Amino acid sequence: NPILGMEAYVAPAGLESKSRDSYHLLLLAENLEGYRNLCKLASISALQGFYGKPRIDHKTLRKHSQGLISTTTCLSSEVCSALLKGDLKKARVTAELYVDIFGKDNYFVELQDHGIADQQAIYPHLKTLAKELKLGTVVTNDAHYLRREDAVPHDVLLCIQTGSVRSSDKRMKFDGQEFYVKTPGEMAAAFPDDIDALERTGDVAARCNVELELGRAPMPIPRTPEGVG
């Protein structure tokens, strides 16, 4: 089954704020209701919350959370950003907020390892968070290209996108060559102590079962004024 989802930008200060602070949040559609909510959130983020980038906030997310699965997400998330700053209390409070929004069975602690020191530094804190809040763990790998050997072509394309040259020290670049689609064996080797998380990752993927009607797009019926067809 295809897994339909998006990486949203969350503005904790609200959709109307002019703050540049926003954090990544993984959202996966478990069913058709979740897919519809993804579409609503994407539209709201672009039409109402756009400020530098499309954004949603906690209030909007709570309103459209049914049918969605989420995680603590990557280093750029609210939870992980707090852990990187050493603010364990804020990380826990934020995780509890998302548990309240999605439900304990729909929110997971996400573990990643791309050979990045920051990921390794917060790994034990994420495990502790999962234990204290009784949340399941999952393991993921950011995939920006298909194979490890695609790292250099991807880096060239990134330079083209950002108008930079590869020799520049100040340009945007990925740290390492681990951002590809890894095999189950590679993921197991990266997380030898997290077999339960590996299995749970498969379970979450199996839960994502959106069935779209073939032959038509499930678009909403527009509400028009009386007498207007």
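1. A salt bridge is taken here as a side-chain nitrogen of Lys or Arg within 4 Å of a carboxyl oxygen of Asp or Glu. In this predicted model, the side chains of Arg147 and Asp150 satisfy that criterion, with an N to O distance of 3.0 Å. The two partners are not equally accessible, since Arg147 is partly exposed at a relative accessible area of 43%, whereas Asp150, at 17%, counts as buried.

2. Across the whole structure the search returns 12 salt bridges, and a further one deserves a remark for its setting: the side chains of Glu178 and Lys182 meet at 2.8 Å, N to O, and both Glu178 and Lys182 are buried.

3. Salt bridges with shared partners link Arg92, Glu96 and Glu132 into one network. Within it, Glu96 pairs with Arg92, their closest N and O atoms lying 3.2 Å apart; both residues belong to helix α4 and are 4 residues apart, about one turn of the helix. Glu96 is partly exposed, with a relative accessible area of 36%, and Arg92 is likewise classed as partly exposed, at 29%.

4. Turning to the nonpolar interior, the largest core comprises 40 residues, and those with the most contacts inside it are Leu27, Leu61, Val79, Tyr98, Phe102, Tyr107 and Leu126. Two or more residues each are contributed by β1 (5-10), β2 (23-29), α1 (32-47), α3 (78-84), α4 (88-102), β4 (107-111) and α5 (117-133). The largest share, 6 residues, comes from α4, the helix that also holds the Glu96 and Arg92 pair.

5. Leu61 is a convenient residue from which to inspect this core. When its neighbours within four places in sequence are set aside, Leu61 is in contact with Leu25, Leu27, Leu41, Ile56, Tyr98, Ile101 and Phe102. Another core, of 6 residues, lies apart from the largest one and has Phe108, Val138, Val204 and Cys208 among its members.

6. Why does the disulfide count come to 0? The rule requires a pair of cysteine sulfur atoms within 2.5 Å, and the sulfur of Cys39 is too far for a bond because the closest cysteine sulfur, in Cys208, is 15 Å away. Seen from the other side, the closest cysteine sulfur to that of Cys208 is the one in Cys39, again at 15 Å. The surroundings of the two cysteines may be set side by side: Cys39 is partly exposed, with a relative accessible area of 35%, while Cys208 is buried, at 1% relative accessibility.

Conventions
Residues are numbered from 1 along each chain as its sequence is written. This is a predicted model: local features need pLDDT of at least 70, side-chain atom pairs count only at pLDDT 80 or more; totals for chains, interfaces and linings use all residues. Side-chain values use heavy atoms; hydrogens and water are left out. A nonpolar core is a set of buried Ala, Val, Leu, Ile, Met, Phe, Trp, Tyr and Cys residues joined through side-chain atoms within 4.5 Å. Buried means under 20% relative accessible area, exposed over 50%, partly exposed in between (1.4 Å probe, protein chains only). Contact means heavy atoms within 4.5 Å.
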